[in-house]
Amino acid sequence: MVSIATLGPVGSDSYLAARQYNPDAELECFNSMYELVSAYAAGKSTLAFIPVYNTREGEIKEYFRFLVELKGYHWIDNVVLPIHLSIGTIDPAVSSISTIVGRSTVFNQCKDYLKANFPDATLVAVNDIEAKLSEIKEQSLTDHGIIESEELLKRFEFSLLDREVVSHNKTRFAVLSSEPAAVTGYDATTVITRPLKDRVGMLVDILGEFTRRGINILDLRSDNDIETQKLQIYLEIEGHCRDFIVQEALKAVEKGVIQEENALKVLGSFPRVDMRVKRIKSFGFIGTGEMSKWFSLRLQNEGYTTYLTGRSTPVSPEQMIPLVDVVVLCVPISVTSATIRKYGRLLRQGQALILLAGESENTLKTAFDYTKEGVEVMLVHNLWGPQAATMKDKNAAVVRTKRSGSLCSEFESFLYKHGAEIYQDSASQHDLLMGFGQKLPTIISVALASTLAKHNIDCNDIGSHSTLTSIYGILAMARTHNQNPRTYAEIMSTKGDGRKIVKTFAATLQQIIDLTEKEDINALCEQMEANRRHLTPEFLESRMKQAKSVDEVLSESGVNYHF
């Protein structure tokens, strides 16, 4: 039979957490962490429960140090338990309380309440709470109050003076075992360094090894080792210690950054725990393209259930929609509105529709017309393709609407967590900017390639007459024609205010052509000076620095001469 060593007494939060984890286990309650750890180290129980973090108190250092120093165990799981604390007395009519008894960790959690309600009371911290409850009753200490769980107070027949004295109070308990946890696909790993030698940039360099591999850091703490007073760093990262990318990062930290053998101690890997409240459990995608698969995989890694549906999938969109919290539409731009018209009415109140789309105004209008008022709606235009390894430093345009609520915010938080650069747009602003940033450059790239063909210019001859400035347009032309033509045809055909940009450009281009035909150099210079005033010196200076950096790379690689 499974036995669990936990802090007592019966009815305490540690006891309740252990009972929640395994209702059938035999629980062994201890009054102090020293007794608990000693019994567990001696093999007297299968598992051990140690409280390591509280939302009010933060890291519970006095217990966490026991966990770090304990040998021959693996941190395999967690229990997050809401802590319901009440204050009780033996006399329901008590007029004043001079002494309040409780555990030290409880006092830390309740300090705001105690300061506001009992500023003059003497606080007495005890380990054996049951013994103190019995003593108060036996000696009729009517001026004593005790803070503990309501269940424990009632078991000793104390009257409740005040219930739920602390809000938003949760404790995280580490579950320890002699056997490591298996890989689940939604894991986290905890690591602590040995006491480190002083070195400038040590922390930044350690974090960099995880960041450059796209490994998210869930928790970071630092403290001085009691004995040596040297820095120790505690990290909780996403992924299992058996994952290749995690092993690679840990090896790089130990060998390349700290440069000491056995500099890291892996405390354990376990199913990821989230102290936050997630409202979304499942996402359903309409569209089975590479971008849908890309997002689906990353959402699964965050613990969400995902469905991919389309014309030939086993589960149809009609079957999927009732099963999920959020429907994500990820189909070609040209059929986005038609797809909304087909499926929008199937969404129920309280669901969300997230549009991964490149055109905003018409798409959102259709979504409003074909979904119920209680359906959340938001448009997200991710400016990267499925070839991207991560979202880090990639641009994402987000168009929130009057119907974007908490579900949409949770998806936006997902983008932010993974490093996306989020830009909030209005519908019309998004379409104008995308007209300038995507639609127009794509049209120019296609026109450039067509011009080469019409004049029968050999591609191999372009480099001999190009400058570093003209290379940019040529590279964009090559990139556009090296990928799926349908993607760029969809971009060029988008509706909305982006069309204004193209039409304005065409008219302006004709005016400039007319000036060049007339050889009106003064007028051309005046036009450029007017442009410079609009572009602003700050913009020109910053973009010129970027251009020079690109020039250096192109020059070093010789790409401006070889195509």
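# Close-up views of a predicted model

**Figure 1. E209, R212, R213 and E248 are joined in a network of salt bridges.** This view, like those that follow, is drawn from a predicted model. Within the network, let's look at one pair: the side chains of E209 and R213 meet with 2.8 Å between N and O. How accessible is E209? Its relative accessibility is 13%, and E209 counts as buried because that value is under the 20% cut-off. The general idea is a familiar one: side chains of opposite charge can pair when their charged atoms come close. For context, the structure as a whole holds 29 salt bridges.

**Figure 2. A salt bridge joins D223 to K61.** The closest N and O atoms of D223 and K61 are 3.7 Å apart. This pair links distant parts of the chain, with the two positions 162 residues apart in numbering. D223 belongs to strand β13 (residues 217-224), while K61 belongs to helix α3 (residues 61-69). Are these two residues buried, partly exposed or exposed? D223 is partly exposed, with a relative accessible area of 27%, and K61 is also partly exposed, with a value of 38%.

**Figure 3. K417 and E302 meet through their side chains in a salt bridge.** The N to O distance here is 2.7 Å. Once again, distant parts of the chain are linked: the two residues are 115 residues apart. Where does each one sit? K417 is in helix α14 (residues 406-417), and E302 is in the loop between α10 (290-300) and β17 (305-309). Their accessibility is worth a look too. K417 has a relative accessible area of 22% and is partly exposed, whereas E302, with a value of 4%, is buried.

**Figure 4. R103 makes a side-chain polar contact with E148.** The contact runs from the side chain of R103 to the side chain of E148, at 2.6 Å. To find R103, look in the loop between β7 (99-102) and α4 (104-109). Is R103 buried or exposed? With a relative accessible area of 10%, R103 is buried.

**Figure 5. Positive charge gathers in a surface patch of R341, K495, R499 and K503.** One of these residues, R341, has its place in helix α12 (residues 336-343). The relative accessible area of R341 is 41%, so this residue is partly exposed.

**Figure 6. I444, L448, F505, L509 and I513 make a nonpolar patch on the surface.** The patch covers about 360 Å². Which helices supply at least two of its residues each? They are α15 (427-454) and α18 (498-517). The largest share comes from α18, with 3 residues. F505 is found in helix α18, and at 34% relative accessibility F505 counts as partly exposed.

**Figure 7. The peptide bond from G8 to P9 is cis.** Omega for this bond is near 5 degrees. P9 is placed in the loop between β1 (3-7) and α1 (13-21). As a reminder when checking backbone geometry, most peptide bonds are trans, and most residues other than glycine have a negative phi.

**Figure 8. E157 has a positive phi although it is not a glycine.** The phi angle of E157 is about 60 degrees. E157 lies in the loop between α7 (150-155) and β10 (159-162). At 63% relative accessibility, E157 counts as exposed.

**Figure 9. Q259, not a glycine, has a positive phi as well.** For Q259, phi is about 60 degrees. You will find Q259 in the loop between α9 (244-258) and β15 (264-271). Is Q259 buried or exposed? Q259 is exposed, with a relative accessible area of 58%.

**Figure 10. G374 and S96 have C-alpha atoms separated by 51 Å.** Along the chain, G374 and S96 are 278 residues apart. G374 is in the loop between α13 (361-370) and β20 (376-382). With 30% relative accessibility, G374 counts as partly exposed.

How values were computed
Residues are numbered from 1 along each chain as its sequence is written. This is a predicted model: local features need pLDDT of at least 70, side-chain atom pairs count only at pLDDT 80 or more; totals for chains, interfaces and linings use all residues. Side-chain values use heavy atoms; hydrogens and water are left out. Patches are made of residues with over 30% relative accessible area and no salt bridge: like charges are joined within 9 Å, nonpolar side chains (Val, Leu, Ile, Met, Phe, Trp, Tyr) within 5 Å. Accessible areas come from the Shrake-Rupley method with a 1.4 Å probe; for residues, only the protein chains shown count as cover. A salt bridge is a side-chain nitrogen of Lys or Arg within 4 Å of a carboxyl oxygen of Asp or Glu. Lys and Arg count as positive and Asp and Glu as negative; His and the chain ends are not counted. The place of a charge is taken as NZ of Lys, CZ of Arg, CG of Asp or CD of Glu. Helices (H or I, at least four residues) and strands (E, at least two) are DSSP runs, numbered from the N terminus. Buried means under 20% relative accessible area, exposed over 50%, partly exposed in between (1.4 Å probe, protein chains only). A polar contact is a pair of N or O atoms within 3.5 Å; within protein, one must be able to donate a hydrogen and the other to accept it, and residues adjacent in sequence count only if both atoms are side-chain atoms.
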